[in-house]
Protein chains: 2
Amino acid sequence: MARNTQVAADHHAPPVTRLLAQFVARHPSRGWSDAVEREAHRTFMNWVGCAVGASQHETAEAALGAVLALQPAAQAGILGRRERVDMAGAALVNGITSHTFDFDDTHLKTIIHPAGPVASAALALAERTGSSGRELIDALVLGIDVACRVGNAMYPEHYDRGWHITGSTGTLGAAAACARLLKLDEQKTAMALGIAASQPIGVREQFGTMTKPFHPGAAGRAGLMSALLAQHGFTASAKALEAPRGMMQTVSTKNDWSQITDELGDRFEISFNTYKPFACGIVIHPSIDACTRLRAQGVKADQVERIELKVHSLVLELTGKKEPADGLQAKFSVYHGCAAGLIFGRAAEDEYHDNVVNRADMVALRRKVVATVDDTIDEASADVTAFLADGQRMHVFVEHAVGSLANPMSDAQLEAKFTGMADAVLGAARCRELVAACRGVAKAPDLRALVRLATPA
Amino acid sequence: MARNTQVAADHHAPPVTRLLAQFVARHPSRGWSDAVEREAHRTFMNWVGCAVGASQHETAEAALGAVLALQPAAQAGILGRRERVDMAGAALVNGITSHTFDFDDTHLKTIIHPAGPVASAALALAERTGSSGRELIDALVLGIDVACRVGNAMYPEHYDRGWHITGSTGTLGAAAACARLLKLDEQKTAMALGIAASQPIGVREQFGTMTKPFHPGAAGRAGLMSALLAQHGFTASAKALEAPRGMMQTVSTKNDWSQITDELGDRFEISFNTYKPFACGIVIHPSIDACTRLRAQGVKADQVERIELKVHSLVLELTGKKEPADGLQAKFSVYHGCAAGLIFGRAAEDEYHDNVVNRADMVALRRKVVATVDDTIDEASADVTAFLADGQRMHVFVEHAVGSLANPMSDAQLEAKFTGMADAVLGAARCRELVAACRGVAKAPDLRALVRLATPA
């Protein structure tokens with residue numbers, strides 16, 4: 001069939017499939033700064049915590065039910081659970097659980113959640129093949145770089161069109177990480193990326209359903225299988241990413257190729273990864289952060305007469321739910337977020353349980369929150385004043401919320417987030433051991449001990 | 001993130017996810033005409049033959065290598081091979097092999113090859129769960145209807161943009177067929193379609209590589225897993241197909257919803273399915289057909305001085321290769337096709353082996369073919385005149401080539417095509433039994449005997 005494409009095709013794209021394959025196959029182990037290496041460890045630990053935390057969720061049960069219908073071999077562990085399944089199934093389920101709470105990492109430039117697809121595929125393969133922890137971290141950094149660079153090139157048009165960019169680029173990141181772990185040469189790595197390029201996953205209409213966290217899981221599984229296929233001699237186009245009817249021009253009219261090629265091997269996108277301190281949309285984070293600071297300054301809920309909140313217009317547009325009925329609705333309520341910040345000093349998954357949402361003190365406090373739009377306030381900021389019963393006023397202005405690039409979570413905060421999710425699943429003692437194993441992962445001879453620690457005793 | 005989509009979104013689409021789910025879940029068994037039922041059997045048999053035929057190809061070996069790395073359980077057979085793998089792996093490999101020769105079925109309105117994804121998923125699941133042959137044929141008709149109706153709605157814009165429409169709609173068809181086999185209710189069938197909607201497979205840049213036949217295989221596997229997930233309670237958007245950021249509006253700017261809703265349950269798209277008599281692009285078929293008719297009229301290669309061919313311009317644009325060096329190049333040579341038609345009376349996969357392409361009589365004859373573009377000749381037609389050594393002229397005008405909708409292959413021709421591919425793999429006796437099993441499949445209590453017959457003794 002000789003038809004002309006109706007979208008203007010760019011016939012002069014640089015050979016990014018080949019360039020990325022060279023990079024993934026050849027870049028030296030730990031060929032980056034200490035800061036990049038540290039961020040890789042933080043990314044990995046945060047991902048493990050999220051996956052363990054959601055491992056008993058109904059989403060995990062449903063996914064595992066389907067995987068077990070295949071009677072899989074016991075090749076790889078599912079974080080937080082005793083079942084063992086084949087590598088592909090483990091990549092799928094761990095990718096799903098790590099994004100189930102929507103509490104994982106965010107590459108802010110593209111709003112990709114990069115660890116979900118990449119770490120899920122890499123850990124399952126690494127455990128099975130006996131790769132070292134060093135090799136796993138190398139694969140994670142390189143895989144995330146591939147996914148986020150492709151995302152940078154297509155964002156925002158690709159996302160605006162309807163793609164859940166975590167899944168659509170995640171397949172490539174997972175394929176890259178797995179190709180690296182399998183030690184594929186440059187040619188076969190290009191084939192792995194090429195096979196993955198035919199499998200972009202995820203549309204945004206799924207947000208609010210189990211299929212949203214399915215996207216990183218399915219991307220991880222597809223990337224892992226793409227690398228295995230390439231290892232066994234399966235072929236794809238060597239221009240599968242950039243050709244006029246290759247993946248990128250098919251799924252995005254915007255393709256800024258320089259985002260892939262510039263400083264490749266010098267600048268690492270994992271440096272721009274962030275971690276959510278609060279289990280809700282990022283737009284509410286400055287307001288919650290401000291309320292936790294008021295609490296730290298001694299403000300108590302029963303003293304409060306009114307809380308005045310000045311925020312960016314997006315906050316009320318997306319999260320203006322005044323009277324949330326349950327945990328899911330509360331995720332879209334800046335009022336609930338503020339009450340949680342002031343009463344608990346945190347807003348993790350526990351603070352979004354239905355019973356917390358309906359507690360009398362939470363209901364009373366959130367009704368005292370008055371939010372107004374102020375166009376001088378940035379999306380990353382919030383201005384909050386508490387009016388107390390004794391006539392005192394306490395004011396906090398948050399310029400950069402905790403968890404943003406300008407104000408990242410500390411290692412101690414990340415550990416608290418981790419144990420807040422994983423303690424209940426693994427017990428406190430095992431959880432502490434797992435934290436230590438995550439911090440020392442690059443020195444581990446293989447991943448088996450770490451996966452064992454992530455399994456309930 | 002509150003971004004406006006840059007593509008005009010249709011907010012008033014009918015609820016096609018729900019309508020298709022109702023149709024798939026509720027349409028009565030064999031609720032169609034004898035003609036539809038007959039076409040379903042022809043589609044199934046042609047698909048089995050193609051899969052058996054390519055079962056020893058290097059593409060099959062590479063795919064199977066990757067699947068075996070998962071140490072799959074022996075749940076389902078791979079047509080033409082002794083290995084047994086899990087359902088998902090069988091759907092993948094059978095989908096790949098059935099499209100490896102590019103010799104399978106074609107829904108001409110959309111150029112979807114519908115059996116690849118749908119039959120691959122359905123047979124693997126049906127064998128494993130013990131479904132009857134009747135249930136398999138029901139699932140095949142309904143699944144193909146879903147894939148082709150979605151294809152009709154998006155074609156041609158979606159294809160023009162770069163999507164390999166067989167894989168992008170095939171996931172939905174496979175999910176529908178598997179939901180039917182699992183007897184999912186309307187609600188869970190909608191979830192299966194919804195989960196599948198996040199997994200469109202395949203870009204056209206892959207044409208000419210193993211990843212082209214990977215598309216129907218991966219679509220079949222994804223559809224099967226989507227149905228299993230829905231069965232286990234996994235959720236998706238109930239508007240995953242039609243919503244502004246659902247699948248269809250994300251992957252196509254053209255969406256004619258009436259193509260999905262009109263005559264749903266009355267008109268069946270499998271009625272418009274066709275089967276290739278020749279193992280090459282459809283555009284050459286009229287010319288090859290004309291040459292086989294000349295042969296039937298007694299023309300022999302060694303009598304021929306010259307063959308004059310008048311064809312549509314597309315023929316020389318796409319298949320003008322004058323001196324093909326091997327089988328792959330010969331697929332793009334109308335000259336080779338004409339020589340095969342006259343010398344062998346056929347142009348199946350065997351006639352595209354390298355040694356046939358380079359046979360002295362083939363080389364000599366194809367050099368005597370003179371092709372010219374004639375704008376009065378339709379794409380579906382060819383005008384061929386043979387000038388013989390004794391001065392005779394033989395003329396054939398083919399209006400509708402064999403294998404077209406207007407001139408379908410007869411059941412005998414389909415059987416000859418089948419045995420031409422499968423005899424070498426299974427032996428002639430077993431192959432005859434398999435043909436009978438395919439013809440009687442709707443009466444089979446389960447699919448196990450049929451799959452056994454498709455396995456080398």
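**Nonpolar core.** I looked up the largest nonpolar core of this predicted model. I recorded 318 residues in that core. I then asked which residues have the most contacts inside it. They are A:Ala122 and B:Ala122.

**Surroundings of A:Ala122.** I listed what A:Ala122 touches, leaving out residues up to four places away in sequence. The list holds A:Leu136, A:Ala139, A:Leu140 and A:Gly143, together with A:Ala177, A:Cys178 and A:Leu181.

**Contact between the chains.** I next turned to the interface, where 62 residues of chain A are in contact with 62 residues of chain B. I checked which elements give two or more residues to the side of chain A that touches chain B. In chain A these are helices H3 (58–68), H4 (87–100), H7 (157–161), H9 (186–197), H10 (211–231), H11 (247–251) and H14 (313–319). I noted that H10(A) supplies the largest share of this side, with seven residues. By residue class, I found the side of chain A that touches chain B to divide into 31 nonpolar, 21 polar and ten charged residues.

**Relation of the two copies.** I superposed chain A on chain B and obtained a rotation of 180° with 0.0 Å of shift along its axis, at an RMSD of 0.1 Å. I therefore recorded the two copies as related as by a two-fold rotation axis. The same surface serves both copies, as I found 100% of the contact residues of chain A to recur in chain B. Finally, I asked which residue of chain A comes closest to the rotation axis. That residue is A:Pro72, with its C-alpha at 3.0 Å.

Terms used: Residues are numbered from 1 along each chain as its sequence is written. Chains are lettered from A and ligands numbered from 1 in the order in which they are written. This is a predicted model: local features need pLDDT of at least 70, side-chain atom pairs count only at pLDDT 80 or more; totals for chains, interfaces and linings use all residues. Two residues are in contact if their C-beta atoms, placed from the backbone, lie within 7 Å. Helices (H or I, at least four residues) and strands (E, at least two) are DSSP runs, numbered from the N terminus. Ala, Val, Leu, Ile, Met, Phe, Trp, Tyr, Cys and Pro count as nonpolar, Asp, Glu, Lys and Arg as charged, and the others, Gly among them, as polar. A nonpolar core is a set of buried Ala, Val, Leu, Ile, Met, Phe, Trp, Tyr and Cys residues joined through C-beta atoms within 7 Å. A residue is buried if 20 or more other C-beta atoms lie within 10 Å of its own, exposed if 12 or fewer, and partly exposed in between; C-beta atoms are placed from the backbone. Copies are superposed by least squares on the C-alpha atoms of residues with pLDDT of at least 70 in both.
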